[in-house]
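The following report describes the fold, the sheet, the packing and selected residues of one protein chain. Please read it alongside the sequence and the coordinates.

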Amino acid sequence: MRIDVLNGVNLNLLGRRDQSVYGAQSIHDLETQVYAWARELDLQVRCRQTNHEGEYVGFLHQALGTADALIVNPGAWTHYSWAIRDALEPFTAPFVEVHLSNVDEREEWRRHSVLTGLGGMRVVGKGFEGYREALGLLAERRT
Ligand code: DQA
């Protein structure tokens, strides 16, 4: 099972953002963990990150032909980018929306996700472990 893990805007600053919310570790640490967890589960993972919305949309378009599942954390785009919703909409395979922080219990504007209603699974507020949980959920759906 090929899984793209797509991290969006500002997630490259992990470790330098508010550590009480996002922790002290870097995106490199996160991706290293994700690759290790994927190996344990015998999943083929590719981690990508960008701060450019159009590039993120391009990652989603590429995933249409190449990935069997997705883990997406679009960062702040989650809350307002209809372009990202539209790009994910044709993806019929399973996906998990992950947020490190508990977006449902932070500021009002973070409580809305443009991905709502697309049929994805969701893991929020579990830090890096959320990505592990997402990999596990996708592994369960392996055919
Ligand atoms: C985030 C939550 C978003 O609200 C925020 O803009 C981020 C990170 C998370 O992983 O908790 O950049 O997606």
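## Overall dimensions

The radius of gyration of the protein is 14 Å, which agrees with the value near 15 Å that a compact globule of 143 residues would have. The model is predicted. Along the principal axes, the C-alpha trace spans about 40 × 30 × 25 Å.

Of the 143 residues, 47% are buried. Among contacts between residues at least 6 apart in sequence, 73% join residues at least 24 apart.

## Secondary structure and sheet

The protein contains five helices and five strands. Their succession along the sequence is β-α-α-β-α-β-α-β-β-α.

The five strands form an open sheet with parallel pairing, and their order in this sheet is 2-1-3-4-5. Strand 2 and strand 5 occupy the edges; each has a single partner strand, so one side of each is left without a neighbour in the sheet. Direction ignored, neighbouring strands are turned by 15° against each other on average. The parallel pairing of strand 1 with strand 2 extends over six bridges. Within this region, V45 of strand 2 is the bridge partner of I3.

## Helices against the sheet

Helix 3, residues 53–66, lies across strand 1, strand 2 and strand 3. Relative to strand 1, helix 3 runs at about 175°.

Helix 5 lies across strand 1, strand 2, strand 3, strand 4 and strand 5, and it runs at about 160° to strand 3. Helix 5 comprises twelve residues, and the distance from its first C-alpha to its last is 17 Å, close to the 16 Å expected at 1.5 Å a residue. The buried residues of helix 5 are G130, Y131, A134, L135, G136, L138 and A139. These buried residues pack against helix 2 as well as strand 1, strand 2, strand 3, strand 4 and strand 5. An α-helix has 3.6 residues a turn, so residues three or four places apart point the same way.

## Nonpolar cores

The largest nonpolar core has 26 residues, of which I3, V34, I71 and Y131 touch the most other members. Two or more residues of this core come from each of strand 1 (2–7), helix 2 (27–40), strand 2 (44–49), strand 3 (69–73), strand 4 (95–99), strand 5 (121–124) and helix 5 (129–140). A second, separate core consists of 18 residues, among them Y56, F59, A63 and L70. In soluble globular proteins, nonpolar side chains tend to be buried together.

Which residues are in contact with V34, leaving aside its neighbours within four places in sequence? The contacts of V34 are V5, V45, C47, Y131 and L135. Y131 therefore appears both among the residues of the largest core that touch the most other members and among the contacts of V34.

## Two alanines compared

A69 lies in strand 3. Because its relative accessibility is 0%, under the 20% limit, A69 counts as buried. Apart from neighbours within four places in sequence, A69 is in contact with M1, R2, I3, D4, F91, P94 and L138. A69 and A93 are 24 residues apart in sequence, while their C-alpha atoms are 5.6 Å apart in space.

A76 is located in the loop between strand 3 and helix 4 (82–88). A76 is partly exposed, with a relative accessible area of 27%. A separation of 21 Å lies between the C-alpha atoms of A76 and A63, which are 13 residues apart along the chain.

## Positive phi angles

Two loop residues are considered here for their backbone angles. N10, in the loop between strand 1 and helix 1 (19–22), has a phi near 75°, a positive value in a residue other than glycine. At 32% relative accessibility, N10 counts as partly exposed.

D42 is placed in the loop between helix 2 and strand 2. Its phi is positive, about 60°, although D42 is not a glycine. Is D42 buried or exposed? With a relative accessibility of 63%, over the 50% limit, D42 counts as exposed.

Methods. Residues are numbered from 1 along each chain as its sequence is written. This is a predicted model: local features need pLDDT of at least 70, side-chain atom pairs count only at pLDDT 80 or more; totals for chains, interfaces and linings use all residues. Side-chain values use heavy atoms; hydrogens and water are left out. A nonpolar core is a set of buried Ala, Val, Leu, Ile, Met, Phe, Trp, Tyr and Cys residues joined through side-chain atoms within 4.5 Å. Buried means under 20% relative accessible area, exposed over 50%, partly exposed in between (1.4 Å probe, protein chains only). Helices (H or I, at least four residues) and strands (E, at least two) are DSSP runs, numbered from the N terminus. Contact means heavy atoms within 4.5 Å. Two strands pair if DSSP finds at least two bridges between them. Axes are lines fitted to C-alpha atoms, for helices over the stretch in contact, and angles run from 0 to 180 degrees between N-to-C directions. The expected span of a helix is 1.5 Å times one less than its number of residues. The radius of gyration is taken over C-alpha atoms; the globule rule is 2.2 Å times the number of residues to the power 0.38.
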